[in-house]
Amino acid sequence: MSFVNYLRESKISKYTNIMSNEDVIRALLKQSNTESAKVLAEKPESIRAIADVFQSITTEAVTVNEMIESIYL
């Protein structure tokens, strides 16, 4: 059994706040005031593309959540 399977079966997300890069982007878009952003939040392929863009522009290993925090904080 792989490490990922162990994590899934442990239900670790119940005890630790774990969000994927896509989840972070989706949550932010859903909170937007614009209708177009809310519509975009419902398109999985768009969310994945945005996450890929964020990952490709980094020069160091950071998650989308860390990148957004550094922009807004």
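Colleague: What share of the contacts in the chain with a separation of 6 or more comes from residues 24 or more positions apart?

Modeller: In this predicted model, residues 24 or more positions apart account for 35% of the contacts in the chain with a separation of 6 or more.

Colleague: What makes up the secondary structure of the chain, and how many of its residues count as buried, as a percentage?

Modeller: The chain comes to five helices and zero strands, so that from the N terminus on the elements run α-α-α-α-α. Of the 73 residues, 15% count as buried, where buried means under 20% relative accessible area.

Colleague: Which residues of helix H2 are buried, and why are they said to line one face of the helix?

Modeller: Helix H2, residues 21-30, has Val24, Ile25 and Leu29 as its buried residues. Seen down the axis of H2, these buried residues fall within an arc of 125 degrees, and therefore they line one face of the helix. What covers them includes helix H3 (35-40), helix H4 (44-56) and helix H5 (64-72).

Colleague: Why are H2 and H5 called oblique to each other?

Modeller: Their axes come within 8 Å and cross at roughly 45 degrees. Angles under 35 degrees count as roughly parallel, and 65 to 115 as roughly perpendicular; a crossing of roughly 45 degrees falls in neither range, and H2 and H5 are therefore oblique. On the H2 side the contact is made by Asn21, Val24, Ile25 and Leu28, and on the H5 side by Val64, Asn65 and Ile68.

Colleague: How do the residues of the contact of H2 with H5 divide into nonpolar, polar and charged?

Modeller: Five of them are nonpolar and two are polar, while no charged residue takes part.

Colleague: What makes H2 roughly perpendicular to H4?

Modeller: H2 and H4 pack at an angle of about 115 degrees, with their axes 9 Å apart. Since the roughly perpendicular range is 65 to 115, the value of about 115 degrees stands at its upper limit, and H2 is therefore described as roughly perpendicular to H4. The crossing of these two helices is right-handed.

Colleague: Which residues make the contact of H2 with H4, and what is their make-up by class?

Modeller: H2 contributes Asn21, Glu22, Ile25, Arg26 and Leu29, and H4 contributes Ile47, Arg48, Ile50, Ala51, Phe54 and Gln55. By class, this contact has six nonpolar, two polar and three charged residues; Glu22 and Arg26 of H2 and Arg48 of H4 belong to the charged class, which takes in Asp, Glu, Lys and Arg.

Technical notes. Residues numbered from 1 in each chain as written. Predicted model: local features only at pLDDT ≥ 70, side-chain atom pairs only at ≥ 80, totals over all residues. Heavy atoms only, no water. Buried < 20%, exposed > 50% of the residue type's maximum accessible area, 1.4 Å probe, protein only. Helix = DSSP H or I, 4+ residues; strand = E, 2+ residues; numbered from the N terminus. Arc of directions from axis to C-beta. Contact = heavy atoms within 4.5 Å. Axes fitted to C-alpha atoms, helices over the stretch in contact; angles between N-to-C directions. Parallel < 35°, antiparallel > 145°, perpendicular 65-115°, else oblique. Left-handed = near helix turned anticlockwise from the far one by under 90°.
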